[in-house]
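Here's a friendly walk through a protein fold for anyone meeting it fresh. Have a look at the picture, and then we'll take it piece by piece.

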Amino acid sequence: MNMNRREAIKLGAASVAAVAVSGSMSGCNNTEPTPAVISNATSNSRGKYTVVVIGGGFGGLTVANNLKKKNKDLDLLVIEKRDTFMSCPVSNTNLGKLDGINLGTFVFDYAQPVEKYGYDMLTSEVIAIDRTKKTVTTAVGIISYEILVLSPGISYDYENQFPTWSKRKIAEVQRTAPAALIPGSEHVALDRMLSNMDDGDVVITVPNGKFRCPPAPFERACMIAAYMKKEDIQGKVIILNPKEKFAKYGAFMESFKELYPDRIVYVPNAKVEDVDVSAKSISYSYEVSTGKKDEDGDEIMKDVSKTISYEVLNLMPNNKANEVVEMATLKTVPGGFHKVVMNGCSFQTATDKDVYAVGDVVAHAIPPSGQTAVWAGKQCADEITARLAGKSYSLPVKTKAVNAGNVCYSMVGDNPEEAIMVTHDFSWTGKTIKGKGHVPKAASGKYRSTGTGKALRDWYSGITADLFS
Ligand SMILES: Cc1cc2nc3c(=O)[nH]c(=O)nc-3n(C[C@H](O)[C@H](O)[C@H](O)COP(=O)(O)OP(=O)(O)OC[C@H]3O[C@@H](n4cnc5c(N)ncnc54)[C@H](O)[C@@H]3O)c2cc1C
């Protein structure tokens with residue numbers, strides 16, 4: 001029995017057993033009788049696949065699509081906990097209520113790539129990985145793999161950032177001050193809160209350390225400011241950043257000053273201390289000069305605390321690699337994020353030759369963006385295809401570069417639509433892959449332009465068409 005792929009996409013607990021049948025029957029293991037596969041496994045087994053990809057986001061879906069493009073007979077399973085794809089890129093333009101954009105702009109159904117490329121998809125949450133047994137445990141059963149690819153994205157790290165907060169308080173803050181850095185209903189909640197807001201301030205807090213899409217909080221500030229201006233909502237957008245500067249700093253500051261001079265308030269070096277969700281207030285501390293100098297001539301600073309009220313709070317906590325990385329017990333880089341250490345300039349992990357990783361969790365020095373995840377996903381698919389064909393594959397050892405391996409746009413204006421951008425050229429030396437950023441100015445001498453605004457829309461149409469049509 002070969003599984004109907006329209007059924008595969010609808011998988012839930014009730015239908016998941018069908019995946020196991022499909023998994024053991026379809027693809028390049030067709031010559032292997034199903035019972036042999038099943039008999040190797042526990043009674044809870046849902047079958048075995050040559051390649052299992054965890055995460056159907058930008059990175060994971062690219063790996064899956066490109067592996068099947070190169071080898072249509074490959075038996076491949078994508079495990080994704082959500083039943084729809086939601087894009088974070090360009091979601092801020094929905095908060096700005098730009099023409100023709102709505103929540104539907106960011107939602108895609110997995111049926112399209114599953115139908116087109118012919119892999120299986122399991123809608124279930126991965127809860128454990130056993131690299132010795134080469135199994136992945138999901139909420140609905142155990143899958144065996146030959147090769148495992150991880151692209152699980154990020155999680156929030158409220159616990160380390162706010163060690164005194166109870167689980168209940170974290171849940172309350174997450175619900176009432178949605179971060180909206182991960183696909184899902186937080187984007188819907190933030191959109192609803194802004195649509196229903198009265199006059200008052202919107203406070204945006206920026207994560208500390210490494211985090212997904214570093215320009216995203218600042219693009220969001222511009223889009224919320226544009227929305228408030230358009231709707232004549234009296235209030236400011238206050239950005240609390242734990243650092244002095246940030247990605248595309250000069251380009252964003254130009255837009256803050258010229259487009260939203262009375263609207264956006266940027267507070268650098270601001271550490272969030274606490275949130276009172278019932279009082280709708282947030283406390284933070286920041287450093288101010290005492291006006292005195294120490295014996296080395298450096299300014300002596302002191303901490304000042306402040307509590308402000310908000311109408312809407314977008315609290316973006318510190319980020320960390322998704323728990324799937326910890327489940328796989330992979331070697332990670334020391335520090336708060338736990339990026340996965342890679343095997344030289346490849347997308348194979350340093351810990352296990354049978355486990356690969358792409359997307360925001362990899363430790364290569366390339367930006368954590370959807371565009372980078374897609375680029376990495378294609379390299380990873382090439383690498384695994386070569387391996388399955390018994391060929392060696394690696395990015396060239398001597399330094400080579402890919403121009404604009406990453407292009408990341410941020411919409412800053414709504415009328416007219418204007419955007420800024422950063423490009424990253426990727427290069428590799430044999431030890432790691434690096435990205436070198438460049439923030440170009442338009443012919444007008446300004447960073448922002450309507451041409452870049454149009455390019456943002458074109459980029460999004462292109463990248464989503466590549467994944468979903
Ligand atoms: C507001 C915002 C704006 C952005 N703008 C841009 C932009 O303009 N350009 C750009 O290039 N990038 C942008 N990004 C960054 C981009 O979204 C990420 O870098 C990209 O999604 C990373 O891809 P990924 O595959 O690593 O993770 P994701 O795309 O998040 O995919 C991870 C998937 O794994 C699934 N998953 C997690 N845990 C489990 C589990 N236990 N079991 C099963 N499934 C699981 C998740 O549900 C998710 O679907 C933006 C991000 C944000 C938040």
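Which residues have the most contacts inside the largest nonpolar core? Keep in mind that this is a predicted model. The residues to look for are V51, V52, V149, L150 and I224, and the core they belong to has 112 residues. Helix α10 gives the most to this core, with ten residues. As background, nonpolar side chains tend to be buried together in soluble globular proteins.

Pick V149 and see what surrounds it. Once its neighbours within four places in sequence are set aside, V149 is in contact with V51, V53, G60, V63, Y356, V358 and C380. There's also a second, separate core, this one of five residues, and I366, F426, W428 and I433 are among them.

Now step back for the overall picture. The protein chain has 469 residues, and 47% of them count as buried. Along the chain you'll find 14 helices and 21 strands. If you take the contacts between residues at least 6 apart in sequence, 69% join residues at least 24 apart.

Let's go to a sheet next. Four strands form an open sheet in the order β12-β11-β10-β16, with parallel pairing. At its edges are β12 (264–267) and β16 (312–315), each of which pairs on one side only. Ignoring direction, neighbouring strands here are turned by 15 degrees against each other on average. Helix α10 (residues 216–230) packs on this sheet, where it touches β10, β11 (237–240), β12 and β16. The direction of α10 makes about 170 degrees with that of β11. This is the helix that gives ten residues to the core we began with.

Zoom in on one pair within that sheet. Strand β10 (residues 202–205) and β16 run parallel and are joined by four bridges. To see one pairing, start at V203: its bridge partner in β16 is L313.

Another open sheet has three strands, in the order β13-β14-β15, and here the pairing is antiparallel. β13 (271–276) and β15 (299–309) each have a single partner strand, so one side of each is left without a neighbour in the sheet. From one strand to the next, the twist averages 30 degrees. Five bridges link β13 with strand β14 (residues 281–293), and you can spot D276 standing opposite S281 in β14.

Hairpins are a nice next stop. Strand β6 (residues 126–130) and strand β7 (residues 135–138) run antiparallel, with four bridges joining them. Within this pair, A128 has T137 of β7 as its bridge partner. The hairpin has four residues between its strands, and in the turn K134 has a positive phi of about 60 degrees.

You can compare that with the hairpin of β20 and β21. Six bridges join strand β20 (residues 417–428) to strand β21 (residues 433–438), and the two run antiparallel. Here, too, there are four residues between the strands, and G430 takes a positive phi near 110 degrees. W428 has I433 as its bridge partner in β21. Those two names should ring a bell: W428 and I433 are both included in the five-residue core.

Now for two helices that meet. The axes of α4 (residues 58–70) and α13 (residues 370–388) come within 8 Å and cross at roughly 35 degrees, and the crossing is right-handed. On the α4 side, the contact is made by F58, G59, T62, V63, N66, L67 and K70. The α13 side includes G370, A373, V374 and C380. What classes of residue make up the contact of α4 with α13? There are nine nonpolar, six polar and two charged residues. V63 and C380, which take part here, also turned up among the contacts of V149.

Finally, find Y117, which sits in helix α6 (residues 111–117). Is Y117 buried or partly exposed? It has 19 other C-beta atoms within 10 Å, and since a residue needs 20 or more to count as buried, Y117 is partly exposed. Apart from its neighbours within four places in sequence, Y117 is in contact with A64, N65, K68 and K69. Y117 and N65 are 52 residues apart along the chain, and their C-alpha atoms are separated by 6.2 Å.

Technical notes
Residues numbered from 1 in each chain as written. Predicted model: local features only at pLDDT ≥ 70, side-chain atom pairs only at ≥ 80, totals over all residues. Axes fitted to C-alpha atoms, helices over the stretch in contact; angles between N-to-C directions. Left-handed = near helix turned anticlockwise from the far one by under 90°. Contact = placed C-beta atoms within 7 Å. Nonpolar A, V, L, I, M, F, W, Y, C, P; charged D, E, K, R; others polar. Pairing = 2+ DSSP bridges. Core = buried A, V, L, I, M, F, W, Y, C linked by C-beta atoms within 7 Å. Buried ≥ 20, exposed ≤ 12 C-beta atoms within 10 Å, placed from the backbone.
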